[in-house]
Every structure is written in structure tokens, then in C-alpha cells.
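Colleague: I have just opened this model and don't know my way around it yet. Please choose one part, take a close look at it, and then lead me on from there to whatever else deserves a visit.

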Amino acid sequence: MTVTPQTLNSIIDNIVHCTPVVDMHTHLYPPAFGPLLQWGIDDLLTYHYLVAEGIRTAPMPLDRFWSLTKKEQAGYVWEHLFLRRAPISEACRGVVTCLQAVGIDPRERSLDAIRSFYQGLNREEYVETVFTKANVKYAVMTNDPFDPAERQAWEKAPLNHPRFHAALRMDPLLMNWETSVSLLRDMGYEVNHDLNDKSQGEIRRFLEKWTDRMKPRYLAVSLTPDFLYPDDSLRTRVLDACILPFARERNLPFALMIGVRRQINPALKLAGDGVGRAELSGLIQLCLQHPGNRFLVTLLSRENQHELCVIARKFPNLMPFGCWWFLNNPSLIEEITRQRIEMLGWSFIPQHSDARVLDQLLYKWPHFRRILVRILIEKYTDLVRSGWNVTEEEIRRDAARLLSDNFESFVP
Ligand code: FIX
Ligand code: ZN
């Protein structure tokens, strides 16, 4: 059906809100993973984005803050970011949207009253409620076999939940070989510091074991802005001898998340990471030298975004994804998504939530969808002006590419 200028806006709005999304990178877990699944108001308020903001707004010695219980930390954030001033930042507004989404009056200023809502919930049912309300088909987790808590969860039972898919994360293997050697040895792998043939075989054995167990949709790593490839480091050897051939054999894409400067303020713990502009020649070489591998790529620095679009235009084995972390703010999402549409058409994955708390799906996706509606209205209006006859089916088809199909065809 042809869309008229009078109906264009409401049709786009309706399609973007009704199209299910695949959330391709989160830090969520199924209920069977016990305490690893974070949810509810105290986890929302102690999200590391809010801890950083709370501490800068109302400074307190960090060792004192960390000695507080989670409830007390949440209370501190609530007091300073929600009661003493309006919760205007994106991370604060997110909490307000979450409360509204579950029917709590966001003007309710009593934290205890809000807590009592969450106390009565059944976790399994609440997972379903949140995914349904956010219209998320499923979420891909971040699964790190180097993390003892996570290893324990995987050793108990195989993953069996339709809303959660795995991604095999391997930061220590590529960021800190020295640490990996002792962690791998503790897990029974006979690796040594100079990465001899035996060690390479052992890394393959590690990858095989965890791929068979997790059945990941992709392999993943986050890298610092100074990532180079190829160079004479052990990292290049691990990539060339183990990870890239393994990914090809198993038909698994490799997700590269580049640009984080870990722990620029270590006292802030998880909230202490920063950002740096990356040198992208290594990314170009990876795509160029390994046409049989597929790379999902997100970059943390705003300054790298245009360059990423240009590189993606040259390499079909590169799929840009998401507005990651410090970029997940309306003004930047709008700028980056508009730029990607203008340079790449429909051939990218515009967003992932990076949710660490289940409830965050209830704000990160609606906030993003609203921006996407605005951009698509503008772009379709321009297209109609140029003489294109836009149909509803066409909008539906292409919105689905952005929200789920591009991921599902790149990651079979
Ligand atoms: O490395 C990552 O996957 C990052 O997204 C996180 O570790 C980061 O702390 C985060 O939560 C960003 O949103
Ligand atoms: Zn993440």
C-alpha cells in the first residue's frame, strides 16, 4: 500500500514500535544463572553509569561508598540524582522510564514504596514481561569462561532459555596473555608464556570446549584504542594461529569492540573506564587479510564513527553495530544513525542495549526507537520528495533489517 504524506509519520511510528528487535549485545543472564541476573530498583540505581554520575555530583570517598550495602548505595544515588535535582541525564531518565513502564508512578519519591513493587515479583515471569513489553525477541549475553562465577553457572546446566543466546567473550586471551596463562593453567590447559605449538593447540581446545558448551552466536573481545594488527605481539599470533581459523571453521563471526581505556580511575571500579580514539589500520588489515572471517564492529569514540562507515563500505565482511556505552545518548545516537543510513543504507545494526539490568530493556529500546522514528520520517520524506513511491511493506521490510534481520543473516 502506498504511503501518503499524511499517513507517513504514523505508519513509521507504528512499524518501528511493532517490529521485534534482536538485542545483540547485553550483560543479561537467564534466571537459572542466579545472582548473575540483575533486576529491580536497587540494581537499576547502582548501574555503573549512575554510580559515576552520583559520585561526581555528590563526591564521597570511594572506599566509603564501596563499603555501603547495595541498598545504601542505591539510596545515595536516589537522594542525590533523583530527589535533590531532576533526573535529567540519559541514565537517570532511563530509570524514570523503567518505573513508568511497570506502572509505578515516577513521581513516587519513596524508594521503599518502589522497592516493595519488585519484592513481590516472580523472576521468571518478570523476564517474560520485560521482553514482551520491550518487544525484544531475544538478548545475546556476554559469556566469559575466564570468570569463575560464570563458569560455575555453565557447569551446572546447559543454557535452555528462548530469550537468551550466548556470546563467547575472551578479553584476557587477547588483552593480557600473562594473566591468561595462569588462568588457563588453573583450568587445566597446558599453555606456556611463549605460545609454542602445544599452547596453540591448548587454546584451540579451550575454544572448542566453550563453544560446544555455550553454543555462542559469535566470539567477542573488547580492545583498547591502541589495538594494532598485524604486529609482532603474542596477540597477533593468538589471532592468526587460533581465533581466526577457529571462527572460520565454526562459521562464527568475531565481534570487536574497540576504544575502551580500562580503569582510568580504578577507585571507581566498574564505573572507572574511559574512552580513546582508535587507530583503525588494524581493523582494515583484519578485514582485508581475512575475507573468510566476518567481523561485527562497534567503536567507542565518537571521532571514529565516520571512519568506520567508510571502512564498512569497502568490506562486506564488516558489520558495524550499536552506539556503544558513552555513545548511547540521544544526541549521539541520532547523529551516528543518520550518518550510517546516509553512508550504508540499511546495511548495519543500529543499536544494542548493553543492558546490565533486566529492566533497562524497558528504557534503552523505547528511547532508541523514538529516535529511529524521527530519522526514518526525515529520510522517507526526503525520498518521497525526490519522487520515490514509498509503500508500507517496504518500510516494514527495511525496519526489520535494521532491528533483527541484519544480525540474523550475518550471524546464522
Ligand atoms: O566491554 C563491554 O562489553 C562494555 O560494554 C561493558 O563492560 C561496560 O562496562 C558497559 O556496561 C557499557 O555499557
Ligand atoms: Zn558490553
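Modeller: Happy to! Let's start with E90, which is buried, with a relative accessible area of 13%. Please keep in mind throughout that this is a predicted model. The label "buried" fits E90 because its 13% falls under the 20% cut-off for that class. To find E90, look for helix 6, which covers residues 90–101. Its side chain takes part in two contacts that you can pick out. One is a polar contact of 3.0 Å with the side chain of R93. Another polar contact, of 2.8 Å, links the side chain of E90 to that of H367. So here we have a residue that is buried and whose side chain has polar contacts with R93 and H367.

For a second buried residue, turn to H290. Its relative accessible area is 12%, and this counts as buried. Unlike E90, which lies in a helix, H290 is placed in the loop between helix 14 (281–289) and strand 9 (295–299). The side chain of H290 is joined to that of Y229 by a polar contact of 2.7 Å.

Let's follow that contact to Y229, since there is something to see in the backbone there. The peptide bond between Y229 and P230 is cis, with omega at about -15°. This is worth a pause, because most peptide bonds are trans. P230 belongs to the loop that runs between strand 5 (219–223) and helix 13 (234–249).

While we are looking at the backbone, two lysines deserve a visit. K215 is not a glycine, yet its phi is positive, at about 50°. K269 also has a positive phi, near 50°, and is likewise a residue other than glycine. These two stand out because most residues other than glycine have a negative phi. Both sit in loops: K215 in the one between helix 12 (197–214) and strand 5, and K269 in the one between strand 7 (260–261) and strand 8 (274–275). K215 is exposed, with a relative accessible area of 62%, while K269, at 44%, is partly exposed.

Now for the ligand. Ligand 1 sits in the largest pocket. Among the residues that surround ligand 1 are H25, H48, Y49, R169, S222 and M257. The shell residues divide into four nonpolar, four polar and four charged. Within that shell, H27 places a polar side-chain atom 3.1 Å from an oxygen atom of ligand 1. For W324, a side-chain N or O atom is 2.9 Å from an oxygen atom of the ligand. D354 also has a polar side-chain atom 2.9 Å from a ligand oxygen. On its own, ligand 1 has 330 Å² of accessible area, and the protein covers 97% of this.

A few distances will help you get a sense of the fold. D112, in helix 7 (residues 111–119), is exposed, with 54% relative accessibility. Although 37 residues separate D112 from G75 in sequence, their C-alpha atoms are 9.6 Å apart in space.

T179 lies in helix 11 (residues 177–186) and is partly exposed, at 34% relative accessible area. Its side chain has a polar contact of 2.7 Å with the side chain of N176. T179 and H193 are 14 residues apart in sequence, with 9.9 Å between their C-alpha atoms.

Finally, go to R250, in the loop between helix 13 and strand 6 (254–258). R250 counts as partly exposed, at 32% relative accessibility. From R250 to R115 you travel 135 residues along the chain, and their C-alpha atoms are 45 Å apart.

If you would like a route to retrace, go back to E90 in helix 6, then visit the cis peptide bond between Y229 and P230, and end at ligand 1 in the largest pocket.

Key. Residues numbered from 1 in each chain as written. Chains lettered and ligands numbered in written order. Predicted model: local features only at pLDDT ≥ 70, side-chain atom pairs only at ≥ 80, totals over all residues. Heavy atoms only, no water. Near = heavy atom within 4 Å. Polar contact = N/O pair within 3.5 Å; in protein donor to acceptor, adjacent residues only side chain to side chain. Areas by Shrake-Rupley, 256 points an atom, 1.4 Å probe, with all protein chains shown as cover. 1 Å grid on protein atoms, 1.4 Å probe; cavity = no way out; pocket = protein on both sides within 12 Å on 5 of 7 lines; lining within 4 Å. Sits in = over half its atoms within 2 Å of the grid points. Nonpolar A, V, L, I, M, F, W, Y, C, P; charged D, E, K, R; others polar. Helix = DSSP H or I, 4+ residues; strand = E, 2+ residues; numbered from the N terminus. Buried < 20%, exposed > 50% of the residue type's maximum accessible area, 1.4 Å probe, protein only.
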